[in-house]
Amino acid sequence: MSTDTVPASSIQVHRTPTILKPDPSRVLLRPFSPGDSRRIATITDRIMELPEDHVGALLDVISVEFSARHQHIRKLFLERFEQIRDLMSTDREVSEQRRLLIGSYFLAEYSLEAAALFNPSMVPHPDQTGLAPGALRFILSLRATGEGHISSITFRTGIIHPNHLIEVLKPTGFLTEPRQIPNSLYEKGLFTRKLAEVGLNSDYTGRVMNKLGESFTLDQLRASLQTEQFRLPHGMSQEDQNAAQGIWMLARSNYEVQFQPEQELSERILFPATPSQRNGIEDARFVHFKDGDGTCCYYATFTAFDGKVVVPELVETSDFLLFRFITLNGPAAENKGMALFPRKINGLYAMLSRQDNENIHLMFSDNVHFWDDHKLLLKPKFPWELVQLGNCGSPIETEVGWLVLSHGVGPMRKYCIGAFLLDRDDPSKVIGRLREPLLKPNQNEREGYVPNVVYTCGALIHNRELIIPYGLADQATGFATVPLVEVLAAMQ
């Protein structure tokens, strides 16, 4: 494979009729805080003044209106009441009916897809049973964007049939956030290394960590922080207070959540849960990762956004029920668009990244949590990518090299999808590149939330066909199929 490029006009891209559009009726029940603690106390005082017979009647009306839209709604009302109970100004006994009613006042529906459903990635489903020969069941992750432009991760399942027909199953009606696992274990050595990476390696940090075992829970870390807080008679210095806050923030940013097996995949929502994710979880790039010992899992790099700063983070799962959220550390773990290779190369994890908002870089590491060095891999070259070049998902292994879908930004901020090829044994070598875009927005795709954009976060190859799910104008999602042989031939 030479580095000479040839026009891609001979590639036959087939756009399928399947379009996934945002559905504002898909709503999630989330905590609602109408103000500070005094405001909450005032509202609960008003509810406490309602006659008991009015409470039951009002609760019945609310239940009839919302119980068909949410599972176990009375349980959620009670849980929300317990969360705000300490903010109430009364010590009176509260009946179960009134507790349910109070809880309902501090919840609200959030429409996950009110604005957009886009930037998908596609991976093989862990369950491939019951399919026709030559078919593949897949999981599609999507960026759902709602009120306030807050993005979360939602899922669909589907089947690629032997004739390359793409079927996406209709999502079920209920949406659910996972339960955060309260006593998930932290590895002391790994956590200490993360603290050092972010500059939290003071004497105070050492005292807190020395009280903990080789593995510890969040509750044990809290107890250690509290013990240290009251150790000094004159309180903590400002420096130690900042360190305590940093330690706690890091722990809260590395967490595990669990869905229940009876929840359909399309019901499972990964909503922002930490301060770094406050304004969104964006553009998850899922990859089916196979380790050297044959074990497999799914990783996804994504962009966490707090309203001002974007940081790359990682999520790991083996079954799409238990998810581990992991901070990425090191000087090379920055900016958007990190994409993990699906296996180690020469014993090291490998990652594509975009360090400078313009070029594609390559990184290696012995630990998936830490990324220290990066090397420039590819610069913008052709007119359709002169503003910016980045990856469009994890590299895909072929018999002739690593196929990487790219995105390029050109005149009028038009986003197109291209492709290039890396050497299998030494991915720092670019051995092929398309001169023209593989996919660019046509007249039916250019209108939307952000005009003139096609973008994907991960494709796959099945039966020698490249299957590309892609976002349309940052609003909806379509699918394209391309013969792999034609893509590779255009790079020869």
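Here are four short exercises, with worked solutions, on a predicted model.

**Exercise 1: two packed helices**

Find how helix H6 and helix H8 are oriented to each other, and which residues make their contact.

*Solution.* Start by locating the helices: H6 covers residues 203–210 and H8 covers residues 238–253. Two packed helices are described by the angle between their axes and the distance between the axes. Here the angle is about 50°, and the axes lie 9 Å apart. Angles under 35 degrees count as roughly parallel and those from 65 to 115 as roughly perpendicular, so H6 and H8 are oblique to each other. The crossing of H6 with H8 is right-handed. On the H6 side, the contact is made by Tyr204, Thr205 and Arg207, and on the H8 side by Asp240, Ala243, Ala244 and Ile247. Sorted by character, the residues of this contact are four nonpolar, one polar and two charged.

**Exercise 2: a salt bridge between two loops**

Work out where Arg26 and Glu113 sit, and whether each is buried or exposed.

*Solution.* Side chains of opposite charge can pair when their charged atoms come close. Arg26 and Glu113 form a salt bridge, with 2.9 Å from N to O. Next, place the partners: Arg26 is in the loop between strands S1 (14–20) and S2 (27–31), while Glu113 is in the loop between strands S3 (107–111) and S4 (116–124). The two are 87 residues apart, so the pair links distant parts of the chain. Last, apply the cut-off for buried residues, under 20% relative accessible area. Arg26 has 4% and counts as buried, and Glu113, at 1%, counts as buried too.

**Exercise 3: from a pair to a network**

Trace the salt bridge of Glu282 with Arg143, then name the network these residues belong to.

*Solution.* The N to O distance between the side chains of Glu282 and Arg143 is 3.5 Å. Glu282 belongs to strand S12 (residues 281–290) and Arg143 to strand S5 (residues 136–145), 139 residues apart. Glu282 is buried at 5%, and Arg143 is buried at 8%. Now follow the shared partners: salt bridges join Arg143, Glu282, Asp283 and Lys336 into one network.

**Exercise 4: a partly exposed pair**

Decide how accessible Asp291 and Lys344 are.

*Solution.* Their side chains meet in a salt bridge of 3.8 Å, N to O. Asp291 lies in the loop between S12 and strand S13 (296–305), and Lys344 in the loop between strands S16 (339–340) and S17 (349–353). Asp291 has a relative accessible area of 25%, so it is partly exposed. Lys344, at 28%, is partly exposed as well.

Definitions and conventions. Residues are numbered from 1 along each chain as its sequence is written. This is a predicted model: local features need pLDDT of at least 70, side-chain atom pairs count only at pLDDT 80 or more; totals for chains, interfaces and linings use all residues. Side-chain values use heavy atoms; hydrogens and water are left out. Axes are lines fitted to C-alpha atoms, for helices over the stretch in contact, and angles run from 0 to 180 degrees between N-to-C directions. Helices (H or I, at least four residues) and strands (E, at least two) are DSSP runs, numbered from the N terminus. Angles under 35 degrees count as roughly parallel, over 145 as roughly antiparallel, 65 to 115 as roughly perpendicular and the rest as oblique. A crossing is left-handed if the near helix is turned anticlockwise from the far one by less than a right angle, and right-handed if clockwise. Contact means heavy atoms within 4.5 Å. Ala, Val, Leu, Ile, Met, Phe, Trp, Tyr, Cys and Pro count as nonpolar, Asp, Glu, Lys and Arg as charged, and the others, Gly among them, as polar. A salt bridge is a side-chain nitrogen of Lys or Arg within 4 Å of a carboxyl oxygen of Asp or Glu. Buried means under 20% relative accessible area, exposed over 50%, partly exposed in between (1.4 Å probe, protein chains only).
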